[in-house]
Amino acid sequence: MLEAELFSLLEDTADAAFTVNEQGSICSWNRAAEKLFGYAPAHVLHKSCADLFQGRGNLGNLVCTHNCSVLECSAAHREISNYDLEVQSRSGQRIWVNISILVFEDRRTKHGLLVHLCRDITGRKKNEELTQQFVALAKQLVALPGEQGMPTPVSSLTPQEKRVLRLLSEGKTPAQVARTLQITARTLRNHVHHANQKLGTRSRLEAVIHAVRRELI
């Protein structure tokens, strides 16, 4: 497949898609990318991906640099997992995207391109941040002195249910908890459901608060 055919194929994808060459310069930019990031192709083509996005990772670390780790992984033929990135849009707003990388090599020219497929996850990230804030607030309320009264007895939580609630209490998302415990999302939901039944609660946040209050985690 020639580069022109690749660019034409990406133009019709629902995901925001752009390609970057081995030097980190943007070579193509589809309509969905223009809609998501606010830049027209004329403003981004042949410019540095790092300078454009100023991307940061989950820990606030600068990811988009001229010594791009994604380009390094591609050059070394290492697997590149999808990742979350906070980037700069044309309006100046910082948005979160999840990025998948496809490596393309034009057999005719021997030039390599990295296809970036991007999905907007800003809403999900805001929900995660709110959950972490709620959990932190719940811990502060539990720590306040005063007569709480003796709680009613409840069925014992299993060690795995306690591990799930403890990780959630640390502000981890369900997806992060599932990865940490090496379980499926469905198994995680079952653990939370059983914990809710035992504690008489109706949500994972409420279960965490009750488990902390009862000193179960």
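I will go through a sheet, a histidine in one of its strands, and a helix further along the chain. Keep in mind that this is a predicted model.

Start with the sheet. It is open, has five strands in the order 2-1-5-4-3, and pairs in the antiparallel sense. Strand 2, residues 26-29, and strand 3, residues 83-88, sit at the edges, each with pairing on one side only. On average, and ignoring direction, neighbouring strands are turned by 35 degrees against each other.

Now one pair within that sheet. Strand 1, residues 16-21, runs antiparallel to strand 5, residues 112-120, and six bridges join them. Asn21, for example, has Leu113 of strand 5 as its bridge partner. Helix 1, residues 3-11, packs on the sheet and touches strand 1, strand 2, strand 4 and strand 5. The direction of helix 1 makes about 5 degrees with that of strand 5.

Next, His116, which is part of strand 5. Is His116 buried or exposed? Its relative accessibility is 7%, and the cut-off for buried is under 20%, so His116 counts as buried. The His116 side chain reaches the backbone oxygen of Leu114 at 3.2 Å. Leaving aside residues up to four places away in sequence, His116 touches Ala16, Ala17, Phe18, Val20, Tyr83, Ile99, Ser100 and Ile101.

Last, helix 10, residues 204-213. Its buried residues are Ala207, Val208, Ala211 and Val212. Viewed down the helix 10 axis, these fall within an arc of 130 degrees, so they line one face of the helix. The general point is that an α-helix has 3.6 residues a turn, so residues three or four places apart point the same way. After helix 10 comes Glu215, with a positive phi near 60 degrees.

Methods: Residues are numbered from 1 along each chain as its sequence is written. This is a predicted model: local features need pLDDT of at least 70, side-chain atom pairs count only at pLDDT 80 or more; totals for chains, interfaces and linings use all residues. Side-chain values use heavy atoms; hydrogens and water are left out. Two strands pair if DSSP finds at least two bridges between them. Helices (H or I, at least four residues) and strands (E, at least two) are DSSP runs, numbered from the N terminus. Axes are lines fitted to C-alpha atoms, for helices over the stretch in contact, and angles run from 0 to 180 degrees between N-to-C directions. Contact means heavy atoms within 4.5 Å. Buried means under 20% relative accessible area, exposed over 50%, partly exposed in between (1.4 Å probe, protein chains only). The arc is that of the directions from the helix axis to the C-beta atoms. A polar contact is a pair of N or O atoms within 3.5 Å; within protein, one must be able to donate a hydrogen and the other to accept it, and residues adjacent in sequence count only if both atoms are side-chain atoms.
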